[in-house]
Amino acid sequence: MGEPAIVWFRRDLRLDDHPALDAALARGAVVIPVYIADAREEGDWPLGGASRWWLHHSLRALAAALEGCGSRLLVRQGDAGRELLSLAAECGARTVYFGRRYEPAARAGEQELLQRLQQGGLEAATFNTSVWHEPSAVRSVSGGAYQVFTAYYRACQVRLDQGTPAPPPARMAPAERWPRSMSIEDLGLLPRWDWAGGLRQAWQPGETGAQAALDRFLKAGAADYDRLRDRPDREGTSLLSPHLHWGEIGPRRLWQRLRRVQAAGNRAGPVGASEGLAAFLRELHWREFAHHLLWHFPQTARQPLRPEFQRFPWVEDDEGYRAWCRGQTGYPIVDAGMRQLWATGWMHNRVRMIAASFLVKDLQIHWERGAAWFWDTLVDADLANNTLGWQWTAGCGADAAPYFRVFNPVLQAERFDPEGSYVRRWVPELAKLASRWLHRPWQAPAAVCEEAGVHLGRTYPAPIVDHETARQRALAAFDRIKRRRAPRV
Ligand SMILES: Cc1cc2nc3c(=O)[nH]c(=O)nc-3n(C[C@H](O)[C@H](O)[C@H](O)COP(=O)(O)OP(=O)(O)OC[C@H]3O[C@@H](n4cnc5c(N)ncnc54)[C@H](O)[C@@H]3O)c2cc1C
């Protein structure tokens with residue numbers, strides 16, 4: 001019987017391709033798997049409602065997978081260092097294996113934790129279990145951080161191969177006596193009143209769900225990804241984001257699967273396969289870039305990367321914010337996105353950009369308020385990706401959309417939801433409106449509205465701002481912060 005060793009699961013809730021677990025097993029250890037709910041790791045971004053729902057089900061899936069191998073998942077709550085030391089004392093383990101985390105609070109806590117483990121006589125072995133490229137490892141020629149995606153992506157090309165992923169273990173030796181554990185239910189992650197019906201319908205949290213989503217995508221969507229990824233009315237993207245966020249699938253496994261499909265495609269020659277996969281690989285690297293940025297600029301989860309934006313005249317508009325959150329702005333594509341988000345915990349990337357632009361530019365509401373709403377409602381809420389997405393849209397981040405780019409919600413909708421099926425699905429009160437007017441119902445002739453049962457201001461809101469006026473206002477505000485010089489300090 002091997003020596004007991006703790007494997008601490010964090011943002012890597014899977015058994016497949018899990019370097020920390022694999023290292024413990026390779027040493028012949030009796031693995032003591034544990035999840036520790038330590039709120040301090042999340043810093044001032046405590047898990048939102050949709051994330052908590054996902055985590056509950058993902059932990060259940062992990063526990064079931066471990067039981068399938070003859071093992072168990074122990075669950076603890078509170079200070080991670082204290083829990084690891086007490087668990088080690090209970091089971092006689094001398095080593096802890098775990099995956100590193102890269103968000104500011106978790107990273108800072110990790111430094112302190114490693115010291116405490118060492119002082120407590122525990123050896124710690126840490127691994128990259130959640131990202132493709134260690135955020136600190138990719139450096140520009142001057143040794144600093146990349147702030148332009150294309151240059152970052154180019155630098156990553158020579159590092160795509162990160163070794164061969166190991167399959168999940170078939171059996172794991174059980175502990176002689178299992179240490180104490182809470183139940184997953186004890187963590188109280190599920191909502192008190194059940195608003196999660198739409199989430200249950202849309203998602204299968206856990207490793208099996210992640211593999212199924214990838215299979216589905218590689219079979220049906222990947223070849224056309226480059227052409228369809230911007231279309232919210234089509235199922236053109238992978239829906240892997242929550243699985244990637246919780247580490248239910250690892251980047252090495254993804255890369256291996258992509259290469260296999262690519263190789264098979266090259267033999268069979270399906271038109272578009274390589275363009276689709278190349279575009280997908282690039283998009284996966286936006287996630288890597290986001291982690292790279294947050295690692296190098298940890299303040300950006302709260303502050304703009306470009307300091308001049310600290311002076312931006314954001315508007316306090318609670319009514320506008322509420323209308324936006326509830327999908328009642330009077331702009332159908334924005335409202336469709338916000339309702340999709342509320343119902344399913346996910347929103348299509350193109351619509352995220354349109355809805356975010358509407359909040360920060362048309363309503364001039366601080367991007368942090370938008371980020372907070374997304375944080376609470378997205379099943380894929382991810383500090384690095386969310387920060388990048390919001391700062392990019394607001395124009396205050398790295399490689400950001402230029403400040404003068406204000407998404408026109410009508411033109412965007414007409415281009416990316418041309419038949420209107422996305423809007424019809426999520427804004428059913430407009431479903432009978434002819435496509436010509438669907439994305440701009442306030443311009444539809446009265447008789448057309450009457451026939452479609454649309455009564456603006458009654459069955460569906462009139463636009464809460466006029467886009468052209470709001471755009472001019474936003475541009476003037478951006479112009480002011482650009483021209484004013486930074487105060488001397
Ligand atoms: C304002 C705003 C906020 C966002 N907040 C989040 C968030 O909290 N969590 C999150 O995972 N994504 C966020 N995104 C990025 C993107 O919208 C989602 O990753 C994507 O819609 C997920 O769907 P998918 O898995 O089908 O993506 P696919 O198109 O299939 O892409 C595959 C994977 O690549 C990564 N990816 C794709 N696009 C981006 C991107 N622009 N930035 C970073 N990673 C990307 C994701 O991990 C995604 O799962 C945000 C974007 C914006 C504009």
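**Exercise 1. The setting of A413**

Decide whether A413 is buried or exposed in this predicted model, and describe what surrounds this residue.

*Solution.* Begin with the count of neighbours: A413 has 27 other C-beta atoms within 10 Å, and because a residue counts as buried once 20 or more such atoms lie within that distance, A413 is buried. Next, place the residue along the chain, where A413 belongs to helix α17, which covers residues 409-416. Then look for partners beyond its neighbours within four places in sequence, and you find that A413 is in contact with P332, I333, V423 and H439. Finally, compare sequence with space: R231 is 182 residues away from A413 in sequence, yet the two C-alpha atoms are 9.6 Å apart.

**Exercise 2. The sheet**

Work out in which order the five strands of the open sheet are arranged, and which of them are the edge strands.

*Solution.* Reading across the sheet, the order is β3-β2-β1-β4-β5, and the pairing is parallel. The two ends of this order are the edge strands, β3 (74-77) and β5 (123-127), each of which pairs on one side only. From one strand to the next, the twist averages 25°. As a detail, consider strand β2 (residues 30-37), which runs parallel to β3 and is joined to it by four bridges; along this pair, A37 stands opposite Q77 of β3.

**Exercise 3. The nonpolar cores**

Find out how many residues the largest nonpolar core has, and which residues have the most contacts inside it.

*Solution.* The largest nonpolar core has 116 residues, and the most contacts inside it are made by I6, V7 and V31. Its largest share comes from helix α2 (residues 49-68), which gives 10 residues. Taking V7 as an example, and not counting residues up to four places away in sequence, we see that V7 touches A20, L21, A24, V31, P33 and Y97. Apart from the largest core lies another one, of 17 residues, including A210, L218, L239 and L277.

**Exercise 4. Two positive phi values**

Describe the phi values of D17 and L239, and state where each residue is located.

*Solution.* Start with D17, whose phi is positive, about 45°, although D17 is not a glycine. D17 sits in the loop between β1 (4-9) and α1 (19-26), and with 23 other C-beta atoms within 10 Å this residue is buried. Continue with L239, which is also not a glycine and has a positive phi near 60°. L239 is found in the loop between α8 (225-228) and α9, and counts as buried because there are 20 C-beta neighbours inside 10 Å.

**Exercise 5. Around the ligand**

Determine how many residues surround the ligand, which are the closest, and which element gives the largest share.

*Solution.* First, the count: 28 residues surround the ligand, and the closest are T237, S238, S241, N386 and G389. Second, the elements: α9 (241-245), α11 (273-296), α14 and α16 each give two or more residues to this shell, and the largest share, six residues, comes from α16. Third, the character of the shell, which divides into 13 nonpolar, nine polar and six charged residues.

**Exercise 6. Helix α15**

List the buried residues of helix α15 (residues 367-377) and name the helices they pack against.

*Solution.* The buried residues of α15 are W367, R369, G370, A371, F374, W375 and T377. Their packing partners are α2, α12 (318-326), α13 (332-344), α14 (349-362) and α16 (383-394).

Key:
Residues are numbered from 1 along each chain as its sequence is written. This is a predicted model: local features need pLDDT of at least 70, side-chain atom pairs count only at pLDDT 80 or more; totals for chains, interfaces and linings use all residues. Two strands pair if DSSP finds at least two bridges between them. Axes are lines fitted to C-alpha atoms, for helices over the stretch in contact, and angles run from 0 to 180 degrees between N-to-C directions. A nonpolar core is a set of buried Ala, Val, Leu, Ile, Met, Phe, Trp, Tyr and Cys residues joined through C-beta atoms within 7 Å. A residue is buried if 20 or more other C-beta atoms lie within 10 Å of its own, exposed if 12 or fewer, and partly exposed in between; C-beta atoms are placed from the backbone. Two residues are in contact if their C-beta atoms, placed from the backbone, lie within 7 Å. A residue is near a molecule or strand if its C-beta atom, placed from the backbone, lies within 6 Å of it. Ala, Val, Leu, Ile, Met, Phe, Trp, Tyr, Cys and Pro count as nonpolar, Asp, Glu, Lys and Arg as charged, and the others, Gly among them, as polar.
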